[in-house]
Amino acid sequence: MKFDTPATTNPIDQLKVVGKSTDRIDGPLKTTGTAPYAYERHDVAPNQAYGHVLGASIAKGRIASLDTSAARAAPGVLAVVTAKNAGKLGKGKFNTAKLLGGPEIEHYHQAIAVVVAETFEQARAAAQLIRVDYVRSKGAFDLASAKSSAVASTREQADIAVGDFAGAFAAAPVQIDATYTTPDHAHAMMEPHASIAAWEGDKLTLWTSNQMIDWSKSDMATTLGLPKENVRLVSPYIGGGFGGKLWIRADALLAALGARAAGRPVKVALTRPFMFNNTTHRPATIQRIRIGATKEGKITAIGHEGWSGDLPGGGLENAIAQTRLLYAGANRMLAARLATLDLPEGNAMRAPGEAPGLMALEIAMDEMAEKLGIDPIEFRILNDTQVDPEKPERRFSQRQLVECLRSGAQRFGWNKRSATPGRTREGRWLVGMGVAAGFRNNLLAKSAARVRLDRSGVVTVETDMTDIGTGTYTIIAQTAAEMMGLPLDKVVVRLGDSAFPVSAGSGGQWGANNSTAGVYAACVKLREAVAQKLGFDAATAEFVDGKVRSGDRSVPLGQAASEAEIVVEDLIEYGDLDKKYQQSTFASHFVETAVDAATGEIRIRRMLAVCAAGRILNPKSARSQVIGAMTMGAGAALMEELAVDKRLGFFVNHDLAGYEVPVHADIPHQEVVFLDETDPMSSPMKAKGVGELGICGVGAAVANAIYNATGVRVREYPITLDKLLAKLPSVA
Ligand code: MOS
């Protein structure tokens with residue numbers, strides 16, 4: 001099905017199942033511990049052996065000698081695979097560094113060997129017996145010092161200029177010019193990267209934990225030099241990804257190589273301390289923002305420059321992305337620069353670009369509002385735009401940022417906020433409120449599904465779409481139920497297998513809208529097939545309560561499949577509606593913080609998000625996505641930071657004791673409101689993404705609340721108490 005004209009009324013609009021708060025259909029499996037995650041697939045292949053990965057202990061250089069003889073002779077060892085005996089390996093399109101390094105070492109903890117043994121303990125013990133001598137070479141590990149050598153990236157548009165930024169900024173009566181930094185972040189998902197590999201001849205099956213089945217099937221084939229059809233990926237349950245599992249990582253490749261060498265199925269999980277330096281992370285940024293405005297608060301010049309680093313051949317953390325579209329202003333200058341760093345590979349993490357970009361931009365907006373003496377909400381509203389500022393003929397398909405801000409202000413009690421910082425005190429606590437805008441684009445990607453109807457009237461959906469903890473199973477079941485006039489328990493959803501039709505996958509908050517639209521397309525086809533089988537006119541037949549009706553004839557749906565199962569497949573693909581209209585999602589984030597006047601301890605007291613993100617398919621799972629993202633935003637604001645060892649080039653705090661993420665005690669009451677919205681430009685579902693929108697702006701809302709509480713402006717994340725202490729008002 002080609003979606004190239006705006007959606008009109010369709011069966012989804014009935015909203016009998018779609019749009020209703022619905023418990024996750026996979027919930028019982030999760031809560032009873034019976035959802036099979038990759039490492040636990042003991043049943044899928046007999047006689048599984050264990051692989052343990054050895055990582056490089058230098059950041060850059062080469063292996064001078066590698067002696068695996070003691071490891072090979074160790075008890076229980078079946079195979080040791082290194083770059084020397086692995087055979088010729090390619091590199092996937094989505095990998096920057098090699099997944100199996102050697103002799104060249106590209107980053108610390110790059111995998112250099114896998115030991116396969118009868119037990120996990122034997123594999124781990126033997127890995128310690130591998131003797132490696134390195135020749136270390138000098139690397140670049142510090143973004144601040146590499147900044148001056150940063151260049152335009154070849155992957156993303158690096159320079160954007162509209163009007164005369166320099167002239168307009170210089171002439172603006174009110175200006176700010178400030179620099180902000182965000183540190184390297186780790187995905188720190190609960191389930192580590194894990195894979196089981198089994199070979200049958202030259203055909204490989206991988207039970208793994210992966211967000212993007214088709215990308216990863218391709219990359220696995222490329223890396224191993226196999227035809228794509230020889231690789232099967234199975235990933236039905238995923239314990240979090242946040243972008244860290246958009247691609248194959250060392251566990252997948254080394255399980256495959258280990259299994260080939262051992263002649264047996266092999267399972268490999270990356271240990272927690274290994275993940276931080278072996279896999280990908282969100283790169284640190286330095287961002288300079290300049291805003292010029294009239295005395296009345298109209299932005300006349302906006303400039304945003306962003307610097308980040310990555311390994312040679314890597315990409316940007318594109319922190320300037322949202323500044324292209326969020327606010328009006330005739331004169332604009334944006335620049336993104338990429339430095340070469342020899343730290344582990346940087347790559348996508350939840351709302352790549354916008355998440356760190358808004359952490360800076362939305363503090364800058366707060367600073368500017370204060371300079372102008374305008375309420376920060378009013379300042380944002382004053383500079384709202386309903387068109388793409390770079391191409392004013394392009395409108396937004398929907399844009400309710402102003403409504404998000406206004407209704408949020410009312411709900412949150414914004415009128416109780418003191419405009420002057422440091423004025424609200426409750427006992428030892430300095431109390432403040434902060435606001436930020438949230439923004440994330442809505443991306444369209446084709447997505448296919450197969451649907452089957454059996455004689456009992458059960459519809460089974462098969463697609464390689466993934467559920468990374470997001471609720472995909474449920475919204476897909478809701479979509480099929482709505483389309484076929486069935487209750488939810490008459491729909492079976494099977495996901496995450498490359499044997500199924502290729503979906504959009506889970507990434508960039510595009511999963512929900514695109515994958516359900518693909519199921520919609522397949523169900524339209526199924527309705528036609530059913531109508532034809534039953535002798536109904538497909539255009540007028542109604543699918544209601546498990547029956548198909550036309551005129552005064554009513555037949556149970558399953559009857560259409562009484563002789564044989566009906567199986568159809570279709571995909572949604574898109575025309576150029578997303579070029580004609582800018583499709584984005586919007587939010588306002590409100591935060592109340594309390595800061596201990598004596599110790600600088602920071603507590604978030606309340607959080608509110610108001611989101612405008614198209615039709616909300618399942619308000620319950622959408623809310624869960626947003627509160628999870630808000631929690632991640634709180635982590636980014638207050639605690640998350642990979643500490644870089646700038647001499648040796650690695651992340652020092654490589655476990656969950658050293659890399660702190662919020663726990664329940666850190667997170668207060670969170671409220672999420674979805675504004676009524678349907679977006680006919682996005683798909684027949686009229687939905688958009690929301691899972692990443694939830695983090696976008698949170699960090700700045702926290703920072704702005706801390707400023708409002710204390711009068712201390714911190715521009716270097718995370719905002720830890722040491723950055724406040726010396727500057728707190730002397731009122732303790
Ligand atoms: Mo997302 S960072 O594309 O999983």
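Is Trp510 buried or exposed at 14% relative accessibility? Select Trp510 to begin the tour, and keep in mind that the model on the screen is a predicted one. At 14%, Trp510 falls under the 20% limit and therefore counts as buried.

**First stop: the aromatic rings**

A pair of aromatic rings is described by the distance of the centres and the angle of the planes. Across the whole structure, a search finds 14 aromatic pairs. Select Phe94 and Trp247, whose ring centres are 6.1 Å apart and whose planes make an angle of 25 degrees, so that this pair is stacked. The two residues come from distant parts of the chain, 153 residues apart: Phe94 belongs to the loop between strand S4 (77–82) and strand S5 (104–105), while Trp247 belongs to the loop between strand S12 (231–234) and helix H7 (250–262). Both Phe94 and Trp247 are buried.

Next, add Trp215 to the selection and return to Trp510. The centres of these two rings are 6.2 Å apart and their planes stand at 55 degrees, so the pair is tilted. Here too distant parts of the chain are linked, since Trp215 is in helix H6 (residues 213–224) and Trp510 in the loop between strand S23 (491–494) and helix H13 (511–534), 295 residues apart. Trp215, at 25% relative accessibility, counts as partly exposed, whereas Trp510, at 14%, counts as buried. With Phe94, Trp215, Trp247 and Trp510 all shown, the view holds a cluster linked by ring pairs.

**Second stop: charges over rings**

Select Lys147 together with Trp307, and look for the charged end of Lys147, which sits over the ring of Trp307 at 4.2 Å from its centre. Then move to Arg606 and Phe412, where Arg606 lies over the face of Phe412, 3.8 Å from the centre of the ring.

**Third stop: salt bridges**

Side chains of opposite charge can pair when their charged atoms come close. The count of salt bridges in this model comes to 44. Select Asp342 and Lys60, which form one of them with their closest N and O atoms 3.5 Å apart. This pair links distant parts of the chain, 282 residues apart, with Asp342 in the loop between strand S16 (331–340) and helix H9 (354–372) and Lys60 in the loop between strand S2 (49–55) and strand S3 (61–67). Asp342 counts as buried at 5% relative accessibility, while Lys60 counts as partly exposed at 27%.

Now select Arg337 and Asp159, whose side chains meet in a salt bridge of 3.0 Å, N to O. Arg337 is in strand S16 and Asp159 in strand S8 (residues 159–162), 178 residues apart. Arg337 counts as partly exposed at 21% relative accessibility, and Asp159 is partly exposed with a relative accessible area of 43%.

A further salt bridge joins Arg494 to Glu462, and the closest N and O atoms are 2.8 Å apart. Arg494 lies in strand S23 and Glu462 in strand S22 (residues 459–462), 32 residues apart. In this pair Arg494 counts as partly exposed at 41% relative accessibility, but Glu462 counts as buried at 2%. If Arg450, Arg452, Glu565 and Glu569 are added to Arg494 and Glu462, the selection shows a network of salt bridges.

**Fourth stop: a sheet and a buried alanine**

Strands of a sheet pair through backbone hydrogen bonds, either parallel or antiparallel. Colour the five strands of the open sheet that runs in the order S19-S20-S29-S30-S33, with mixed pairing. Its edge strands are S19 (425–426) and S33 (669–674), each of which pairs on one side only. Strand S30 (residues 602–612) pairs with S33 in the parallel sense over six bridges, and Val672 in S33 is the bridge partner of Ala609.

Within strand S20 (residues 429–441), select Ala437, which is buried with a relative accessible area of 0%. Leaving aside neighbours within four places in sequence, its contacts include Leu326, Tyr327, Leu358, Arg380 and Cys696. The C-alpha atoms of Ala437 and Leu326 are separated by 8.7 Å, although the two residues are 111 residues apart along the chain.

**Last stop: helix H15**

Finally, select helix H15 (residues 619–638), whose 20 residues should span 28 Å at 1.5 Å a residue, and whose end C-alpha atoms are indeed 28 Å apart. The helix is mostly covered, as 15 of its 20 residues are buried.

Methods
Residues numbered from 1 in each chain as written. Predicted model: local features only at pLDDT ≥ 70, side-chain atom pairs only at ≥ 80, totals over all residues. Heavy atoms only, no water. Phe/Tyr/Trp six-rings, centres within 6.5 Å; stacked < 30°, edge-to-face > 60°. Helix = DSSP H or I, 4+ residues; strand = E, 2+ residues; numbered from the N terminus. Buried < 20%, exposed > 50% of the residue type's maximum accessible area, 1.4 Å probe, protein only. Lys NZ or Arg CZ within 6 Å of the ring centre and 35° of its normal. Salt bridge = Lys/Arg side-chain N within 4 Å of Asp/Glu carboxyl O. Contact = heavy atoms within 4.5 Å. Expected span 1.5 Å × (residues − 1). Pairing = 2+ DSSP bridges.
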